[in-house]
Structure formats: structure tokens, C-alpha cells
Amino acid sequence: MDYAKLWNDNWQYIKKDWDQINPAEPICGESVMLPHTWYQDDDYYQGEGAYQKLFYYEKQSKETENRIFLKFHGVDKVCEIFLNGTKIGAHEGGYTMFAVELTEALISGQNILTVMIGNGKDLQVSPCSGDFAVFGGIHRNVEWIDTKQTCFDRTYYGTDGVVLQTRVNPEGKGELWACDMVSVQAGESRENYQVRYELIDHNRVAATASVTPEGTLRKVLEVSKPVLWNGLNQGHMYTVRVTLVKNEEIYDSIERNVGFRSIEVDPEKGFFLNHEHVKLHGVAKHQDTAGVYSAATMEHWKTDMSLIGEIGANAVRLSHYPHPKQVYDLCDEMGIVVWSEIPLLKLTEDAHLFENAKEQLTEMIYQNMHHPSICFWGLQNEIAIYGEFPYMTEKMQQLNTFAHQLDDTRYTTSSNLNSVHVDSSLNRITDVTAYNVYYGWYYGEFEDHAKFLDEFHRVNPNMPLGISEYGADTNTAYHSEEPKVNDYTEEYQALYHESVYPMMAERDFVWGSFVWNMFDFTSPIRKAANIENRNIKGLVTFDRKTRKDSFYYYKAMWSSIPFVHIASKRFANRGHETMTVKVYSNQEQVTITVNKQQMTQPVVNGSAVFEQVSLEMGENKVVAESGKCRDEAVFVRLSQPDESYVYVDQNPGINVRNWFLDEQSEAELFPEGYLSIRCTINDLLASQEAIEVIAKRMPDVAKAIQDMVGTFTFEMFFKFAKPNYTEEEVKALNAELTKISIS
């Protein structure tokens, strides 16, 4: 029987606490296929559940029996695994692979495999917070593996028992380093076995070596003139075949693709690949997509990477956790530089949380160290969001040292938020650092981006700086000829990116920038622009069907494939005699034809702009051309502007500025030394009395802020989260909070 083909079909899922489930007995639940998540937009369940698989197995004699492993590619986020009632393994962390051995607990006949899973908020396992969903479930595939009694250890940090690393030495030679963990049958010795390494280039063996198994990373072979993995220019890959042998008998074998390249980051000049400067212009992405959420498949990952390739990005931040191994494979093939990170978004003094971070870091690095595309290991994202404390520096220094012990060939990095001062010690721990900045959206003005970049570099001239997040939300239904912050129009998102990206691009000391985000993604705490449960900063919609105008701006800046694209096509109805026509393109100039009139403009900052274009009543066809590139759109002139394009906040929430105009003074509404809605969520959560007041008046808000940004004020929470309360209700809450002194 081919057991390997059965393992993602016919599972039973049940939502129930672990103590109510007997793992030795069949459960009656929902029949599902893997990958699967229990998340639904109307049910963000953070609790416990179980998956169960019944299967038949023909057990062999002890002498001839193979060893059986199950590799889980992702269980979100903690689990315990039972076979026929016997616990055979456990794992903490929702995004890395791990394996358990079934051999001893297997019986002849029907077997019961039960996987108990929890994704509760109270677990001291990262992520403990974040502006995204912890989905729950077996949201990546399960793989059945059978081996001989002596084999590569499939339980070694979720690897295949072999960890591979490549280097290019100062002489330009390619080096393959490896750690091979061999699990031998009783009475045997590892010294009786050999591990044969073959480096294969297009079916030709380029180098080979045989070594004694050794559980430490060491150089195993060398190739004199390797073809380099060179990013988008040439993503050249080799295959490494690793074979475990004894007296020429093969006991186990695996294959992995690797590449050779060198990387450097200079604080003044930025990133270098194979000694050539490369400006990293990238995007960040989450794993989820419409219809399946985190339970995506290869079809979804290929779609995502195809869109990233279309836009012309040469780098991707796979945030905020390790992504499926197939995604790293696609980045290798496409030549895209990768920032991979662990889900450390909250760092307390809890010892278990820190040890779990080290465990997830070990698994991420050992499982993915062979990928040439990965150039940065991310160690934290916005851990100071709930306040910056001295223990954070100490713990992050330890984690950074630990990362280099695991892999000293890549750069460590981190993401701080704007409340972390440029002179903070958190900026001087990892090899390079980066910031999530939203000037012109959450705070400040567009030009503040440039001021921030220059100030950071002045204070930290020896620390390479990147921008790990920047962006603005939009609902593509909303449009304006005069876009402004918080109108959620497609035009404002485009204006934001056109304004702030050049500030990063023109500064060589900024080693890279990553748009937040390539795709809209799930965020159960959000309800902006009449779209619930989504962060809508993506350049592409959640279903991957709509490229927003900002997508084409970056395509114009990054892609070498000629194109023209008329912006604001969804803003079809116009209520004025003239309009501005904007055409995104990577060509030198663009010509448009409107009602038999032709106009030509140069392309500047990715677009050709045609102002005061006259419109006739009714339909006006606009054709844009540059060389062989062509695009067209129809704009309809109406007698009055189309109000459906205007975002009308159905729940405008609070307008604090007006509270004290005719009533109390600002000092009376927000007395010094007392809590109020102008305090940070972090301050409010520090007061049990405040928590009780909020929970009494607004129970859903009290629940929501447990996962919110601690350095945001409560006032900002109402502005962006938009809970369903009137201004009078918020004022009443504020009045109660101001009775509580700040301790």
C-alpha cells in the first residue's frame, strides 16, 4: 500500500478542549482535507481542537520493519500528537516543520492518530500578538516517510537529518558545508557508515566527497569555479545528493537544491551581491489568501510569486514568520533576495517565551539554510510596541549571538517602530536594522520619511538601515481628484507611494525597502473603509484578482518589461469639465489620445501626467501609447460628481477636537495625572481599574485592545479600529477614566 499518498485526505476535525477528547478513541467531527484551518472571518476562534486520522497498517517483523515518520509542515500553533493513545510528540510554533516517529506505537490493523492543537492567546509561544490572524489547524501538509532502521534523523529540528550551507571563500571557490545527523539501529556505530555528497550541475557531477557522519557543521567539498546565484540576473542552482552508505549498500538518500553567492552590507553604500551593488526594492507578504486563509497550496504560492515577479521586485520580506519551504524554493528559482523571520512580535520577561523564540529560530535556520535567496534572518518585529524596557536589549543580544552560532554566513536584522528613538540600544544589536514607518498615514507628513532617514544615519553612521514596512490602506471602490489622508481612496494610496518611495530609493545608505504589503491580508482587529477583518494596505487585493494603481507605480519603477497603464480606471465617472490623466509606464514618454486630441508627456517618477484634459459629456475614450505598449480606458463625464466614490464613515467615532469647543476645556476633559482616552493602550492595560471600566462599558473593545498596539493611544484605536460606539458613549467612558490616577 502506498501510505504516502493518503496523508492529506479524510481527516476528522472537532472544535473541543483537549480535556474533553480521548485520543485513543475515534472522534466524530467534520470531515476535512489538509491543509486546513479552523479560522473563519465570523469566528476568530482562539482555543483548542483536534484532528484525527484513522488508517490501516500492516506491521512487519522487527528484523525487516522500516521506521515510519510523519513530517508536519505546519501546525498552528501548539500541538500534542498521539498514536493509539500513546503520546509520540509535541511541538510549539505554527510555521516550521517538525517530525514524529510512529514506529513503536504502530499496530497491525486500524491505527488512530490524534493531533491536539491550540492557538490560544495565553500561550507563551510566539506570536503572542500582532496585526494578523493566528489561524489554527494543520494549515500545511503532512508527509509520510519510511526509512531503513539506520537513516538520516528525520526528527532533527524538522530537517531531513542533513543541514546544508554554502559559502564562497576569498579565492572565489564554492564550499559546501554540512551537518549530517544519522540515527543508527541498536548495536550499530555511526563510524561504520559513510555519507556521500554529490554536487550536481545540470545532470553533471561537479564535485563529490565521502565523509564519516558528524553532527556538527563542517566543510565537506569544494568546487573551484562555481556558477553563482546572482539574483534576478541568474538564479543558478545546483543539486546536492546526500547518500548514507555502508559497504556500498544504500541506507538513505535525500536531495536538496543549493546555490553559491556572497553578500555584504555597507552602512554607506547598501547591499552587495557577489561584490556588485544591488538596491533592494522589495515587498512584504503574509501567507494567507482568499477562500483558504493560511491553508494555501502550491497554486496559491505560484500566483503570489508570479505577481511579485510581474511588479519587478528583487526582494521579499516573508513576514512575520517562516513561510512554506516551497515559497523559498520559488524565490531561489526567481532570484529574489529573501528576509525570513521568526514570529517574535512581543517580548516579555517570560523564560519560556524566550526559549521558544530560540527553538523557532533554530528550526527556521536549519530547515532553510541551504536557500541562497535567504540573505537576512529577522529576529524581531516591533517588540517595543508595548514599551521599551532594558531586559529587551539583553535578551535580543543573546538571541543575536545565538543566531550567529547557528549560521554566521548571513546578516541578522530586526524591525523597530517609529516610537523607538533612533539612539535606542535596540538599533545596535543585529548586524543591520530596519524600521516600520508610516509618515503620511498614521502620523506625520510625507517629507518626514526623508527627515527620519537622515537623522537615523546621522546618529548611527555605522549601522546599515532599511525600511521594513511603509504603506497606506485603500478600498478600490473609493476615489478622489483631491486625495487626502484617511479618505481610503485608491488615489491617496498611489500618492503616498509616489511621494515616499523616492526618498528611500535615492539614499544609498538605505540597504533596502519593503512595501507593506504586497497583498491585503487577514487582520481580525480591523474594520477600515467598510472592509472588515482585513489589512487593506496591499498593492493587490486579498483574492489576488485586482492590481491596485500603486502596483503599477512600482511596476513602472522596477520592471524592465515595457508597459503603459492608465491610472484611476475605476474612477470612471467624472463631474467636471476637465480631469488629470495619469499613465504609469517604464518608458521615456507616453502619448495619449482623447477625443481625437493627442498629447505627449515625459515619464517622471514612473508616470506621465496630463493635466486639464477636456472631457465631453458622456463617454470619453482615453488611449495611452508608448512604442508597442498600449492601454485604454473610458471616463464618463456627468453633470454632477458621483458621490458613490466618496468614503462616508458609517461610524465616525470620536471627534475630540470638537468636544471642548462649547463645553469643557481640553484641560478639564483630559486632566494631567489621570487616565483618559489620550493615554496609550499600554498605560490603560497597566491599570486593573481601567480595564474593568472599559470592560463594563465596552466589552468588545476591552477584548480587542489586548492584541492592539500598546504605544497607540486609545483615541487612535477608536479612529482606526472604529468600534460601534457613539461619541457620547466614548465621552462617558473618558469621564470615568479621568477618575483614575496614573500610578
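The following exercises, each with a worked solution, concern a predicted model.

Residues are numbered from 1 along each chain as its sequence is written, and side-chain values use heavy atoms, with hydrogens and water left out. Local features need pLDDT of at least 70 and side-chain atom pairs count only at pLDDT 80 or more, whereas totals for chains, interfaces and linings use all residues.

**Exercise 1. Cysteines**

Determine how many disulfides the structure holds, and explain the result for C151 and C331.

Step 1. A disulfide is a pair of cysteine sulfur atoms within 2.5 Å. The structure holds zero disulfides.

Step 2. For C151, the closest cysteine sulfur belongs to C179 and is 14 Å away, too far for a bond. For C331, the closest cysteine sulfur is that of C375, at 11 Å, again too far for a bond.

Step 3. Buried means under 20% relative accessible area, exposed over 50% and partly exposed in between, with a 1.4 Å probe and protein chains only. C151 is buried at 0%, and C331 is buried at 0%.

**Exercise 2. A three-stranded sheet**

State the strand order of the open sheet of three strands and identify its edges.

Step 1. Strands are DSSP runs of E with at least two residues, and helices are runs of H or I with at least four, both numbered from the N terminus. Two strands pair if DSSP finds at least two bridges between them.

Step 2. The order is β7-β4-β9, with antiparallel pairing. β7 (98–101) and β9 (142–147) each have a single partner strand, so one side of each lacks a neighbour in the sheet.

Step 3. β4 (residues 67–72) pairs with β7 over four bridges in the antiparallel sense. Within this pairing, F72 stands opposite F98 of β7.

**Exercise 3. Salt bridges**

Locate the partners of K246 and K548, and describe what each pair connects.

Step 1. A salt bridge is a side-chain nitrogen of Lys or Arg within 4 Å of a carboxyl oxygen of Asp or Glu. The count by this rule is 43.

Step 2. K246 pairs with E188, the closest N and O atoms being 2.6 Å apart. K246 lies in strand β17 (residues 238–246) and E188 in the loop between β13 (182–183) and β14 (194–201), so the pair ties together parts 58 residues apart in sequence.

Step 3. K548 pairs with D520, with closest N and O atoms 2.9 Å apart. K548 is in the loop between β31 (531–535) and α7 (549–558), and D520 in the loop between β29 (510–515) and β30 (521–528), 28 residues apart. K548 is buried at 1%, and D520 is buried at 6%.
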